[in-house]
Amino acid sequence: MNHHRILAVAHMREADRLTIASGVPGMVLMERAGAGVAQAARAMLAPTGRVVILCGPGNNGGDGFIAARRLAEDGYRVTLGLLGPRERLSGDAAAAARLYDGPVIALEDITCDEAGLVIDALFGTGLTRDLEGAVAACIARVARSGVPVLAVDIPSGIDGDSGAIRGVALPATRTVTFAARKPGHLLLPGRDLCGAISVVDIGIPDATCDGFAPALFANEPALWRDTLPRPESDTHKYKRGHALVLSGEMHRTGAARLAARGALRVGAGAVTLASPRAALAVNAAHLTAIMLAPCDTPEELGVLLEDRRFTAVALGPGYGVGEATRAMVKAAARTGRGLVLDADALTSFAGEAYTLGMVASAARACVLTPHEGEMRRLFESAEGVRDAPNRWQAALRAAEIVRSVVICKGGDTIVASPDGRAAILAETTPYLATAGSGDVLTGIVTGLIAQGMPAFEAACAAVWLHARTGIVYGPGLIAEDLSEALPGVLRGL
Ligand SMILES: NC(=O)C1=CN([C@@H]2O[C@H](COP(=O)(O)OP(=O)(O)OC[C@H]3O[C@@H](n4cnc5c(N)ncnc54)[C@H](OP(=O)(O)O)[C@@H]3O)[C@@H](O)[C@H]2O)[C@@H](O)CC1
Ligand SMILES: [K+]
């Protein structure tokens, strides 16, 4: 199994279909899925403990019947509640139900008294509408009982593609999913309802999923570790890349300095801050290892970038919104360097994503780092972004329009590439929601791109490193700490 691949619901269904077509009966896949659930349940139950299994009308319920049979065989006391009449089950789910010879009661009659565990096999990836009525009432009852819940595939009520709650959802202590995680396991609010997630190999070959487009991943080091820049023994500072960060005016220079420091800490050999003349003294008073150059106009930026040692430019933090900023972005892009655009650079192109895409295509590589508000402003009139069915599809469409790698920041940050790859961050911390934190992220991406790391991988690595540093640091974190704590996280890789 490719552990960082994730599968959209349609791709999971297609992988299932192709595997069955290649000669593996669907019942074999379901048997393996149910066995994986039973195994996880054993670890959560006392010997001969009572387990309540909630089964829905589709194949998720089928997995529940398989687990019920296996746990009953092992001597656990099984109570199985089924949503709807047994005769309405069909296909593999009906076959799984036939193999279970214990009593089946109506879901409405289920109570959790003395149960050590509830197995939630109501709905998986086949959820198509909001939960209501008897099933919603049952979910509320189980949630209130406080009994640990093991979710089969995904907590019932969570949309597998978007992570959204459809009406209500049953929070789980553990989730056992099959072949690969789905986007809904990583996206909020779904992620918070899954508990610990484990993936069971049910025999869907990796190769079956290799060609799926778009290609989705969990943003974990396995995705980008091999492309992370590592200095060679005969290196010198300019071989490690030289990043240029543009500073804002006198009263807003801090953001650019935070970015510059992030770029230096992540390994850029040299970092220069390009500062308006009026702000040179302020910047000079705060800088040591970072160099300083005056720059007030697009022409001056062009002259500065005639120095071929500059490999990446960051523009936006604290820079100001307007025509002057647009002109600077165009001047930077024209020089064909790596380009990272954030904050004011993005807002300066509000409603003009296609224009920005044209500008960005001149850069060697371009990464945009919008938070939710910037994303909304930039793509307000762009087709297929605001009306996308979920955040990863919105991110991919956005990347296509701006012809850049886009980092859609949030509690479940998505990195999307115009080549059809997208990665979702699985783990972060709310402590990162602090002033200047985004500026440091901009700096980390810039530093990695300056060292020649490919844009998608650089963006993914930066997002992960930024989050990991926040997690490790924890309470009390301020933006300045991020760069200082980064070496510890880099060492761990
Ligand atoms: N793919 C694989 O490789 C493997 C998949 N496996 C398992 O199969 C699961 C997917 O199975 P699935 O496709 O049968 O969908 P599932 O989630 O059981 O629900 C569909 C049923 O629910 C109904 N329904 C939907 N929404 C509803 C609502 N709001 N309220 C009420 N009813 C609602 C819907 O009815 P309909 O919309 O047709 O009216 C239909 O009857 C997957 O999660 C995994 O556990 C494993 O066995 C291993 C191999
Ligand atoms: K479920």
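Into which domains is the protein divided? The legends below begin with that division and then turn to close-up views of this predicted model.

**Figure 1. The two domains and their contact.** The protein is divided into domain 1, residues 5-210, and domain 2, residues 223-492. Taken over C-alpha atoms, the centres of domain 1 and domain 2 are 41 Å apart. Where the domains meet, 8 residues of domain 1 are in contact with 8 residues of domain 2. On the side of domain 1 that touches domain 2, the residues comprise 5 nonpolar, 1 polar and 2 charged.

**Figure 2. The annotated C-terminal span.** An unreviewed UniProt entry lists residues 220-493 under "domain: YjeF C-terminal". In the model, 44% of the span 220-493 is helix and 15% is strand. The C-alpha atoms at the two ends of this span are separated by 11 Å.

**Figure 3. The shell around ligand 1.** Ligand 1 has 27 residues around it, of which D16, G58, N59, G124 and G126 come nearest. Three helices each supply at least two residues of the shell: helix 1 (9-21), helix 2 (26-44) and helix 3 (59-73). Helix 3 provides the largest share, 5 residues. Sorted by class, the shell holds 11 nonpolar, 10 polar and 6 charged residues.

**Figure 4. The annotated binding-site residues.** The "binding site" annotation in the unreviewed UniProt entry covers N60, D120 and S156. These residues span 97 residues in sequence, yet no two of their C-alpha atoms are more than 9.5 Å apart, so they gather at one spot. N60 lies in helix 3, while D120 has its place in strand 5, residues 117-121. N60 is buried because 25 other C-beta atoms lie within 10 Å, against a cut-off of 20 or more. D120 is likewise buried, with 29 other C-beta atoms within 10 Å.

**Figure 5. Contacts of N60 and D120.** Leaving aside neighbours within four places in sequence, N60 is in contact with A121, L122, F123, G124, G126, V152 and D153. Among these partners, G124 and G126 also belong to the residues that come nearest to ligand 1. Not counting residues up to four places away in sequence, D120 touches L54, V149, L150, A151, V152, P155, S156, L170 and A172. One of these partners, S156, is itself covered by the UniProt "binding site" annotation.

**Figure 6. The largest nonpolar core and I119.** In the largest nonpolar core, which has 168 residues, I119 and A459 touch the most other members. Helix 19, residues 455-473, gives the most to this core, with 11 residues. At least three residues of the core come from each of domain 1 (5-210) and domain 2 (223-492). Residues up to four places away in sequence aside, I119 touches V37, A41, V51, I53, L54, G64, A67, L150 and V152.

**Figure 7. M44 and its contacts.** M44 is found in helix 2. With 16 other C-beta atoms within 10 Å, M44 is partly exposed. Not counting residues up to four places away in sequence, M44 touches L117, P148, L150 and R174. R174 is 130 residues from M44 along the chain, and the C-alpha atoms of M44 and R174 are separated by 9.3 Å.

**Figure 8. Two cis peptide bonds.** L188 and P189 are joined by a cis peptide bond with omega about 0°. P189 is found in the loop between helix 6 (183-186) and helix 7 (190-193). The peptide bond from A213 to P214 is also cis, with omega near -5°. P214 is found in the loop between helix 8 (206-210) and strand 9 (215-219).

**Figure 9. Positive phi at A343 and R403.** A343 is not a glycine, although its phi is positive, at about 40°. A343 is found in helix 14, residues 343-347, and is buried, with 25 other C-beta atoms within 10 Å. R403, another residue other than glycine, has a positive phi near 50°. R403 lies in the loop between helix 17 (391-402) and strand 16 (405-408). With 18 other C-beta atoms within 10 Å, R403 is partly exposed.

Note on methods:
Residues numbered from 1 in each chain as written. Chains lettered and ligands numbered in written order. Predicted model: local features only at pLDDT ≥ 70, side-chain atom pairs only at ≥ 80, totals over all residues. Near = placed C-beta within 6 Å. Helix = DSSP H or I, 4+ residues; strand = E, 2+ residues; numbered from the N terminus. Nonpolar A, V, L, I, M, F, W, Y, C, P; charged D, E, K, R; others polar. Core = buried A, V, L, I, M, F, W, Y, C linked by C-beta atoms within 7 Å. Buried ≥ 20, exposed ≤ 12 C-beta atoms within 10 Å, placed from the backbone. Domains from an automatic or database assignment. Contact = placed C-beta atoms within 7 Å. UniProt positions renumbered as here; feature names shortened; annotations may be inferred.
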